[in-house]
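The following note is intended for a colleague who is meeting this structure for the first time. It takes up the contacts with DNA and then the nonpolar interior.

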There are 2 protein chains.
Amino acid sequence: MQKYNRAANASFFVRACFLFDRKSKVSYTHEQIECVATNFGGIGLNLRLEDYISIFIHETDLTLTSEIKKKLEPHNLAPEQNLVMMVLWESDGWTQNEIAARLNKDKTNVARMAANLADKGFLTRVPRTEDRRSLQLFLTEKGRELGEEVVPLAERFHNQVVSGITEEEQAVVRQVLQRMQRNVQ
Amino acid sequence: MQKYNRAANASFFVRACFLFDRKSKVSYTHEQIECVATNFGGIGLNLRLEDYISIFIHETDLTLTSEIKKKLEPHNLAPEQNLVMMVLWESDGWTQNEIAARLNKDKTNVARMAANLADKGFLTRVPRTEDRRSLQLFLTEKGRELGEEVVPLAERFHNQVVSGITEEEQAVVRQVLQRMQRNVQ
DNA sequence: TTCCAGAAGTTGCTACGACAACTAATTTCC
DNA sequence: GGAAATTAGTTGTCGTAGCAACTTCTGGAA
């Protein structure tokens, strides 16, 4: 539950406020920051950690992943394993490589997830007769039944995530995140 | 480099288009989707993978992380290790627990990162005299010199990420992501 | 037909992230 | 003053993510 011992947070900012100038050349509105450190170390810092939007995106991702993880745990399913299952619930019989392409994931990880899901009895891995290198993934009855519970759960989670956020805002977020991806590639 | 063997992507969509109805109750604008599967399996799917904004956020995070990872690699620094160093470049002497609070990270992972960074010679871990449980992290000369190169690199990366994105758009993204985090907690 | 390039999948390794369970040091409270 | 609770840090485990190197299989070129 507790990532760090709570007192540390207060002490961090107390010491920061004590040791450093309260004023800084930039003003910040992020509420968790109580005061702004001035850099004495000689290294020119123009940005603070709170300014890096990539850090904020990362934290958001972790928060969302951690919550869906909790909801999936009772079903013996990890978040990314769930994505493999989601593809199969749309329709099964895809090869691991096709699943990897669909999910934009590394084939090695998809292979490990598929092996794990097969161990749990949610799917079977069947070598393709026309190409014995390929493994097709088919839902077992257990895997199909799992979908009856987990698909609604996933959709409820999505609705929870976007509740109170307008379609326009969602569109802006998608477009901006897409642009960020293009910007760095 | 190549996450999956490229042919699989084409084959996924070729088969999907062949097997499934091209029309669907919902229309999508995400360009990577060529056609829309209709669900035959009996499981009621109202959302497709492309609709889950959390998946999109996750992919964005992975893309950004992977790019900064490449840029940091020549400096023998991993992305999250870099965040620990960023805190220390602001000012050093924080305990591991304080660093964890500042970065909103699990103290176990901060401990391992600190040990790793100490092995690399970028910092030293000094037990505090007043409380011998705590380890304070201090930059070594090597660690301080690293900042001279890496801080500008990180700031250039941030500018690259947000280039062509207005302040207003960034504000919307921050506000929406914040709301999503609140929505699930 | 044989050989070679490429494709599908696997194994091993490193880096996180999260959690449980642990040691050791420090506070709290009776 | 001493037992109990709390805190800082560590170790182990599992689930991703990404990369290198490998085997096996396939299909195309000579």
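1. Helices are DSSP runs of at least four residues, numbered from the N terminus. In this predicted model, α5(A) makes the largest contribution to the surface near DNA strand D, with five residues.

2. In total, 30 residues surround DNA strand D. The closest of them are A:N5, B:H58, B:R112, B:R133 and B:L135. Of the atoms of DNA strand D that come within 4 Å of the protein, 64% belong to sugar and phosphate.

3. Three polar approaches from chain A deserve attention. The side chain of A:Q81 places an N or O atom 3.0 Å from a phosphate oxygen of DNA strand D. Bases are also approached: a polar side-chain atom of A:N109 is 3.2 Å from a base nitrogen of the strand, and an N or O atom in the side chain of A:R133 is 3.3 Å from a base oxygen. The elements giving two or more residues to the surface near DNA strand D are, in chain A, α3 (79–90) and α5 (107–119) and, in chain B, α2 (53–72), α4 (96–103) and α5 (107–119).

4. As to composition, the surface near DNA strand D comprises twelve charged, eleven polar and seven nonpolar residues.

5. Turning to the interior, the largest nonpolar core contains 94 residues. Which residues have the most contacts inside it? They are A:M85, A:M180 and B:M180.

6. Leaving aside residues up to four places away in sequence, B:M180 touches A:L64, A:V161, A:V162 and A:I165 in chain A, and B:I53 and B:I57 in chain B.

Technical notes:
Residues numbered from 1 in each chain as written. Chains lettered and ligands numbered in written order. Predicted model: local features only at pLDDT ≥ 70, side-chain atom pairs only at ≥ 80, totals over all residues. Heavy atoms only, no water. Near = heavy atom within 4 Å. Polar contact = N/O pair within 3.5 Å; in protein donor to acceptor, adjacent residues only side chain to side chain. Nonpolar A, V, L, I, M, F, W, Y, C, P; charged D, E, K, R; others polar. Core = buried A, V, L, I, M, F, W, Y, C linked by side-chain atoms within 4.5 Å. Buried < 20%, exposed > 50% of the residue type's maximum accessible area, 1.4 Å probe, protein only. Contact = heavy atoms within 4.5 Å.
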